Amino acid sequence: METNAIFRKNYGNFRRFFSMLGKANLPYLWIVGYLAASAVIANVGVSSTEYSAALFAGNVGLTAVVLPYLFYQILSLILSSVSGLINNLCTARMDRNLRRMVWRKTVNLPLRFYENNNPKELLSRITTDISSISNLVMKVFLPIFTTAYASFVILQKVSSYDGALMWSLVAALPVNILISFILGRLQFGVQDLINRRNAQLTATVAERTNNLMLIKSMGTEEKEAGVGGERMKASYRAAGMNIWITGMAVPIRAIASVLQTIVIILVGRGYYASGALSLTEWIAYYGFAIQLTNILSAYCGYWTSFKSAQGAVERVSEIMAEPSENLNAGNIMDSPTGGIRFEKVDFSFGSEPLFQGLDLDIPAGRITAVVGPSGSGKTTLLNLIDRLYPLNGGSIQIGGKDTSDYSLSSFRRALGYVTQESVMYAGTIRDNLLHGLGRVPSDQELDEACAAVGILDYVRRQPLGYDAPVGESGASLSGGQRQRFSVARALLKKPDCLLLDEATAAMDIGGKAGVWASIRQVMAGKTVVYVAHDAQTIRNADYLIVLRDGQVEAAGEREDVMARNPYCQEMMENGEEGR
Amino acid sequence: MKRNGKDGSQQQKQKFSFRSYISFYTRFPIPWWLFIASLVFGLVNTEVVLAISKYVIQINKGELYNGVIIGYSLLTVLNAVIAMFSNLCGEYGIQKVTLRARMLLWNKILHLPMREVERRQPSSLISGVVNDITQASAVIHMIFSTVASIYGFIRCCVEMAWFNAKLSAYMLLLVPLAVGVFALVGQLQYRMMLRRYESLGAMTEFFSEHISAAKHVKAQAMEGLEAEEGLRAIDERYKADIYYAFMEVLQVFSNTLYTSIGSIAIALFGSDMIRKGQMPDTGINDFTTYKGRVDQYQAEVLTHYQTLKGTQGALQYVGVLLDGPEEDPDAGYDLPEGWAKEDIVLERVSFGYDPRQPVLHDLSLTIPAGITTAIIGNNGCGKSTLLKLLQGIYLPDSGRVWLGESAVDKVKLSQLRRRFGCIFQHNPLFSGSVRDNIAYWETGEVSDEAVAGAARLADADGFISQLPEGYDSDVGMGGALLSGGQRQRVAIARTLLSDPEYLLMDEAGASLDHKSDMTIFRAVREHMKGRTIVVVAHDMRTVMEADHIIVLNSGSLEAAGTHEELLKTSPTYRSYLELQGFALAGEEAGQ
């Protein structure tokens, strides 16, 4: 029943699949080349079989049999290599073209798409899913033609010996093919189970190995040995099932092939006995019959890969159907100067409204802090200023002009935004500081930026200086160091408006103070908006906005708000008592 | 996984020892009978294969008698049945070895000293349990299969020689060619797999890094640059695929060339011999059939050899890991019974991850029992390292940590760690229900009241009761379904339920907002009244609530004492207070 459901569902997806392939710029010339080579090979194979049959029958004339046999041996050796090469190149190109297509699309998808999808899943769209799709084309779709043609050539040859012989062969085929098909499905099912069990094992082991510190300090080694052991036993049981199914498949296939051989021999025997078939022709016929079975069974085996590719096709098609962001429509934003004003802004994640008719003013040329309990919408506020999400209603203006009039790319480029994640890429310190900067600053300028965030000493201590590698995602740096580089990168851009989201949270007390003094100096007279939750950082603001549940609870000069607002008072409980 | 592969091959070149092979297989019972049964089935099957060959030859000669057909059919089925049993035994053997070795390795990993875990990287340990072990487990079976294949090879060679010695002698000349081709193919295989693997690793690394940085990219409008770099990563992978395409074809070509040369030699010499009457008319048929069997066994032998060689790295990795250091939680002296009313004393402790750059240097200090001690200092001054030394997670390079009269490195680790509870800045949860996580430490049954009580102390009961399934709600992998603050509260409840005698808190409030941080901190202190709490914090309000404060500066003790004392003695302490807006408070207190 389940199988039926799978087949029924396929038809709808085929159309989407082919429309996606249409966009992918497939290597059509190579595909045609591959098909042509396969066709030639099918014909050469037939001749090769006939000559080897003659040899087997004892027909050893040098020019009549032996030399042509050698010729075809060598020809098929060369041809099969060429066709293999074309096949591989075709797959490689298809992989590349599909990947390019998906990546170009993904890059331009809105932030919400990334938030709604697990990054690991998105990664496998580009890596493994693409490979399954190319495999599907190369191993399932194209072989429809090559297998059909090869079968046709063989059957044609057999029918040249005797038409009835060919029909008996055709009649004997289905049983074997059906068995290959069923076994293929069964094995696919078990393999799927094994993969799932192994994935669970990996997840369990990874979760614990990455947190061994906790296990040690809790002293729960024994318990975890048991938890892991259970997963291992589950994997073992799945492997055991596979052993039985794979094992049983061997005799079943053997019986099927024996039955078929019996049919082939019984049919051929009559013709051979009556003299309608010569010994050479009998041997050739027998060889053809075996070949035909092998070709078709192999093809049926590939069908099982269809199911695993089906999910991949669906997922990739889904990405391709997502609406992209239009980055270049609108006016060019040069310099975002002037105050930032939210006017009746509505915004929601899904059905939960976060902001409803939010009005808010952020003064120009000053430093504004946004504070509030977690979940009050602080980060979302910064994201909305940088236009990372579209508004559901209302408008945001900078210097009195609606921000949505500008093109997204010029607007976002004009604003500096240090996000919470302090992103670093594998590469050198210099690569990271210069990433996306669009100009190459002098070492002196880099020194100044690094000194401003208090990381110059660290860079100097590196034997390679700015060319020291930072590791994958900056793994060789501490959280505080990554944050310092992120701020330095933003300062190098010299933006007229800078947004900072918890950008100094991982720094120590002295480090924070130094970085904020630098921000104040470098951004003098420009607009800075930042989110923070600790008292020390908030003290750096001129202006303060308190958010609670998506509403402005208080806004004004920092000292005024600090003095009146209960949230701030709570936060400062002892902190300001001395004043 | 990538790292591990490289590591393995490097180690293997440096010091490949048979000892780790042998010692690996002496660590757990091996189901020998399964492997032996598999071997016996394999040997028997060789005879069946040869008998089938005789029938195949007859069929190819057109001797299509009923007896031939029946004999061929029965033997073919018998062959398949025997092969099935041989596989069943062998594969079950492999799986049993895998399971046993895996559990052994897992247990070992759980008991590795923390330093060893950090040195080896968790990702390589994970791949050790998941991948390397399966390769290592296949080795024994592989050796048995090789024996069976060699037997088959020799047996078929004899049969072939018996049929026609002269032609067989020609074939023997091809054996060096076979070995040469195989060596070449093996080498190509290794190189192309390595290149492919590396390129896949590089591409995966690129995309995993860049996809998770999507917000940064969007915020700076760097989509164009991003697309370009991504295309470059894709093209790198493409180049590796092209290399693979050529190499694989070369590989297939060499293999086919070898068999073709065999067929051609048989055709040339055989036809000549038939003409001279040295071989029957249909001799090429007979001979080719035997040659096919010989080739088949030869390929099996060589494949096993290649695979065996391929498992060396994995086996070496697992072997070295199992031979390596291990913590024994139950070795050492018993800790004295009862509630710990004993000071923690560090006596001239030095410790460094890298011997050239010590984190702690000749540090002596006392953490008084029964009160709350705060430790402060800059990033990298060794605060968190200090906490790990207290529980024996790390051992000092020199000096000693004392728990009253007991030296931390001499007592039973299981008892020692049981007395400590830890709350970090980021506390992992394990997949499972909220309840499972809170009751994580307990092995037996825990009452609902106890769980709810701990949750209340950690201010977690509010949000838990709002979850769709309350305490039975799933927290997701690593606690991903909860927010940072919620995870923190569950972790605090988990620690409190384990009822520790010493509580260590490392930036435990950093992911909570201030009000909850202080509320929870006070509740915890109330609950732990009379017991020892050690807090690492950046927020001076938390620090000032402590009874005793220790100021660390680059791994050395700058000052220790109460708030009032430190105002006089520690410039670092004063500057911290000033920076967080406590300046006047400090001066007033000082007056």
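Visitor: How much area is buried between chain A and chain B?
Guide: Buried area is the accessible area (Shrake-Rupley method, 1.4 Å probe) that two parts lose on being put together, summed over both. Carbon and sulfur atoms give 69% of it here. In this predicted model, the area buried between chain A and chain B is about 12100 Å².

Visitor: What kind of model is this?
Guide: Residues are numbered from 1 along each chain as its sequence is written, while chains are lettered from A and ligands numbered from 1 in the order in which they are written. Side-chain values use heavy atoms, without hydrogens and water; local features need pLDDT (the predictor's confidence in each residue, from 0 to 100) of at least 70, side-chain atom pairs count only at pLDDT 80 or more, and totals for chains, interfaces and linings use all residues, this being a predicted model.

Visitor: How many residues of chain B are in contact with chain A?
Guide: Contact means heavy atoms within 4.5 Å. On the chain A side, 134 residues take part. On the chain B side, the count is 133.

Visitor: Which residue of chain B meets A:Glu325 in a salt bridge?
Guide: A salt bridge is a side-chain nitrogen of Lys or Arg within 4 Å of a carboxyl oxygen of Asp or Glu. Chain A and chain B have 5 salt bridges between them. For A:Glu325, the N to O distance is 3.9 Å, and the partner is B:Lys218.

Visitor: Why can A:Leu62 count towards a surface patch?
Guide: Patch residues need over 30% relative accessible area and no salt bridge, and nonpolar side chains (Val, Leu, Ile, Met, Phe, Trp, Tyr) are joined within 5 Å. A:Leu62 sits in helix α3 of chain A, and its patch of about 320 Å² also holds A:Leu67, B:Leu268 and B:Phe269. A:Leu62 is partly exposed (from 20% to 50%), so it passes the area limit, with a relative accessible area of 42%.

Visitor: Which element of chain B supplies at least two residues of the nonpolar patch?
Guide: Helices are DSSP runs (H or I, at least four residues), numbered from the N terminus. Chain A contributes through α3 (62-107). The chain B element is α10 (223-276).

Visitor: Which element of chain A has the lowest mean pLDDT?
Guide: Chain A averages 87, and 96% of the residues score at least 70. Yet pLDDT stays under 50 over residues 1-10 of chain A. Where pLDDT is low, the predicted coordinates should not be read in detail. The lowest mean, 60, belongs to helix α1 (residues 2-23) of chain A.

Notes
Patch = residues over 30% accessible without salt bridge, like charges linked within 9 Å, V, L, I, M, F, W, Y side chains within 5 Å. Areas by Shrake-Rupley, 256 points an atom, 1.4 Å probe, with all protein chains shown as cover. Buried < 20%, exposed > 50% of the residue type's maximum accessible area, 1.4 Å probe, protein only.
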